[in-house]
Amino acid sequence: MTIEGARERRVGSGEVELCVAELGDAEQPTVMLVHGYPDSKEVWSEVAVRLADGGFHVVLYDVRGHGGSTAPRRLRGGFTLEKLTDDFLAVADAVSPGRPVHLVGHDWGSVQSWEFVTVARTKGRIASFTSMSGPSLDHFGHWLGRRLHRPTPRALGQLLGQGAKSWYVYALHTPVLPELAWRGPLGKHWPAVLRRLEKQPRDAAYPTSSLPTDAAHGAWLYRDNVRTRLRGPRPDAYAHAPVQLITPLKDPFLSERLYDELERWAPDAVRRTLPAGHWIPRTRPDQLAAWITEFVTGVEGTAEDGRTAPKVPDGPYADRFAGQLVLVTGAGSGIGRATAFAFAEAGARVVAVDRDAESAARTAELALLLGASGAWAETVDVADEQAMEQLAGKVAAEYGVVDVLVNNAGIGLSGAFLDTTAEDWRGVLDVNLWGVLHGCRLFGKQMAGRGQGGHIVNVASAVAYQPSKVLPAYSTSKAAVLMLSECLRAELAGQGIGVSAICPGLVHTNITSTARFAGVGAEEQQRRRKRATLLYRLRGYPPEKVAAAILRAVAHNRAVVPVTPEARGARLLSRFAPGVLRAIARVEPPL
C-alpha cells in the first residue's frame with residue numbers, strides 16, 4: 001500500500017535503514033507522523049493527505065522492523081527507546097535540517113515520541129508534540145508508583161481498571177507465542193478484527209501486507225522498554241515543547257485516568273477528547289487534521305512573540321468541541337442563540353441559521369467575539385425543503401461536513417383542538433417537525449457518508465410526554481420529534497452518530513411573544529401573548545441553562561434530556577404515574 005503523492009527515500013540510522021515518505025512543500029513547517037503497534041506509516045495516510053493539502057510538509061516513516069524499514073540483526077535490545085530516539089533524529093536531520101519539526105504520535109508512536117520530547121539531546125529539534133493513545137512510560141511509571149504507595153479505594157480501582165485494559169502487554173512479553181500468533185492465524189484475521197473494533201467499512205485498505213512481520217518485530221518494543229521504565233521511571237521526564245493531548249474516550253486499551261497528572265510534566269498541555277476508539281488516525285482523520293493544523297499553526301505563530309504555547313479556548317467542553325463544525329437552526333434568539341454562544345465559548349466553528357437574516361448575522365458576530373474559531377450566518381426557513389437542501393450543499397462545500405447539528409428552530413401554537421384549523425396544523429408541523437426532518441435527513445446523510453461520526457440534537461419539549469388540553473398541535477409536533485430522535489439514535493448508533501432529544505420546560509425566550517393562539521380574536525391573542533410572556537419571565541429559567549444541557553448531552557451522548565425541574569418531574573410521572581399527568585392535562589392554564 002502506498003500513500004498517494006508521497007515521495008519515498010531511505011534514511012540510515014546505525015545498522016537499520018528507515019523508509020521515509022514525504023508529502024507537500026518541503027519549505028513549509030514539517031509535521032512528522034509516527035505510527036504505533038502493530039501498524040506501519042500507512043495508518044496515517046488519511047491524515048497525512050489532509051495536512052499536506054493544508055500547506056504542511058508532512059513526513060512519515062516506518063519504525064525500525066516495520067513496513068519498508070529494516071530490522072536490527074539482533075532483535076533483543078534492538079528496539080530500546082534510546083535507539084528509537086536515534087532513528088527520530090536521523091529522520092529529522094534528513095527531512096528538516098536546521099528547523100524543528102512538529103511531532104505527532106499514535107499508540108507506540110506516541111510512547112516513543114514522549115521520549116523524544118523529554119530527553120535533553122532532542123531539545124531544539126521538536127517545535128510541538130501531539131500525543132494520542134500512548135502515554136510516556138516514565139509518566140506511567142510514576143502514576144503507578146503513586147497509586148501503589150497510597151492504595152486508596154479510588155487508586156486501586158484505577159490500577160485494576162488499567163490493568164484489565166493492558167492484558168495485551170502481558171501477552172506480548174510471553175516468549176515466542178506472540179510471533180507465532182501474528183505469523184499465523186492472528187495476522188490473517190487481524191484486518192477483519194480491526195474493522196469490527198473500529199466499525200470500518202469492508203473495503204478499508206488498511207492494514208498493509210507486512211502486518212505479520214511488523215507485529216512480530218514490534219513485540220520487542222514492549223519487551224525492551226516496558227518493565228525497565230515502569231520499574232525505574234526517569235524523574236526528569238519534562239516536555240521541552242508545547243504538548244497537545246488527544247484522548248479517544250472509547251479506547252479499549254488505555255484509560256483516560258492515565259493523564260490525570262499530565263500537567264506535572266507538561267504544564268501548558270492542550271487537551272482534546274473524541275468519542276471514538278483506539279485507531280483514530282483511520283476513523284477520525286478530519287478532526288485530527290483540524291486539531292493538528294490549529295495547534296501547529298498556533299505554535300508557529302507564538303514562536304515569533306516569545307510565547308511557548310498557543311492560545312486555546314478555555315470554555316466548558318473546549319477539549320471536546322474546539323474546532324468542530326456546529327450548525328444551529330433558530331440561532332437568531334432564545335435557546336438557539338444561547339446554544340451557538342456556548343459552542344463558540346468552547347472554540348467550535350459555528351453556523352448560525354435563522355429565517356431572520358439580521359438576527360443570524362448578529363449571533364455569528366457575537367460568537368466570534370466569544371471565542372468561536374469561525375462563525376457564519378445563513379438565512380433559511382427550515383420548513384422549506386429546497387432551501388434546506390441548498391443550505392446543506394453550501395455548508396458542505398464551504399465549511400465542511402457538520403460535526404454537531406442542533407435542530408432548534410420552532411414555533412408555538414396554543415388552542416383547543418377543535419379551534420385549530422388544518423392550516424394551523426400545517427404551519428406548526430412544517431417548522432417543528434418537517435424542519436427537524438429536513439435537518440436530520442440532509443446533514444445526517446452527510447455525517448454518515450463521511451464515516452467519521454457526529455451528533456444530532458433535536459430540541460423537543462417537555463410537552464412531548466406531558467399532554468395538555470390547550471397544546472395539541474404543539475405537543476404532537478414535539479412528541480413526533482422525540483420519537484424521531486429515538487428511532488434515529490437506534491439507526492445511526494452503528495455509524496458512530498449520536499442523537500439526543502432535548503426536552504425543556506418553561507424557558508424564558510421570545511417564543512411566547514410570537515406564539516399563536518387559535519380560536520381567539522386579535523385583541524385577545526395579544527393579551528394572551530403578554531400574559532404568557534409574563535409567566536415565562538417570572539419563571540425565570542434562562543436559555544443559557546438549556547444550552548449547557550445541550551453541550552452535556554452531546555459530550556456524554558445522552559438520549560433524552562429533560563431540562564428544568566418541571567420537565568424532569570413530568571418525565572418521571574410519564575413513566576411511573578401517567579394517570580397523574582392525564583389529570584393535570586385537564587387543568588385550565590392561567591391565561
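Reader: Let's start with Gly 141. Which residues does Gly 141 touch, leaving out those up to four places away in sequence?

Author: Keep in mind that this is a predicted model. In it, Gly 141 touches Leu 230 and Pro 233, once residues up to four places away in sequence are set aside. Gly 141 itself sits in helix α4, which covers residues 137-149.

Reader: Is Gly 141 buried or exposed?

Author: To read that, look at the relative accessible area: buried means under 20%. Gly 141 has 6%, so it counts as buried.

Reader: And how far is Gly 141 from Asp 430?

Author: Their C-alpha atoms are separated by 59 Å, and along the chain the two residues are 289 apart.

Reader: Let's try Thr 80. Where is Thr 80 found, and which residues does it touch?

Author: Thr 80 is in the loop between β4 and α2. Not counting residues up to four places away in sequence, Thr 80 touches Asp 224 and Asn 225. With a relative accessible area of 16%, Thr 80 is buried too, because the cut-off is under 20%.

Reader: Now the sheet. How do I read the order of its strands?

Author: General idea to begin with: strands of a sheet pair through backbone hydrogen bonds, either parallel or antiparallel. Here, eight strands form an open sheet with mixed pairing, and the order is β1-β2-β4-β3-β5-β6-β7-β8. At the edges are β1 (7-13) and β8 (270-274), each pairing on one side only. On average, neighbouring strands of this sheet are turned by 20° against each other, direction ignored.

Reader: Can we zoom in on one pair? How many bridges join β5 to β6?

Author: Six bridges do, and the two strands, β5 (residues 101-106) and β6 (residues 126-132), run parallel. One to find in your viewer: His 106 has Met 132 in β6 as its bridge partner.

Reader: Which strands does α2 touch?

Author: Helix α2 packs on the sheet and touches β1, β2, β3, β4, β5 and β6, with its direction at about 130° to that of β1. Helix α1 (residues 45-53) lies across β2 (16-23), β3 (30-34) and β4 (57-61), running at about 160° to β4.

Reader: Last one, the nonpolar core. Which residues have the most contacts inside the largest one?

Author: Met 32, Phe 88 and Trp 108 do, in a core of 84 residues. Helix α2 (residues 81-95) gives the most to this core, with eight residues. Apart from this core lies another, of 40 residues, including Leu 327 and Met 447. Back to Met 32: among the residues it touches are Val 59, Phe 88 and Leu 103.

Key
Residues numbered from 1 in each chain as written. Predicted model: local features only at pLDDT ≥ 70, side-chain atom pairs only at ≥ 80, totals over all residues. Heavy atoms only, no water. Core = buried A, V, L, I, M, F, W, Y, C linked by side-chain atoms within 4.5 Å. Buried < 20%, exposed > 50% of the residue type's maximum accessible area, 1.4 Å probe, protein only. Helix = DSSP H or I, 4+ residues; strand = E, 2+ residues; numbered from the N terminus. Contact = heavy atoms within 4.5 Å. Pairing = 2+ DSSP bridges. Axes fitted to C-alpha atoms, helices over the stretch in contact; angles between N-to-C directions.
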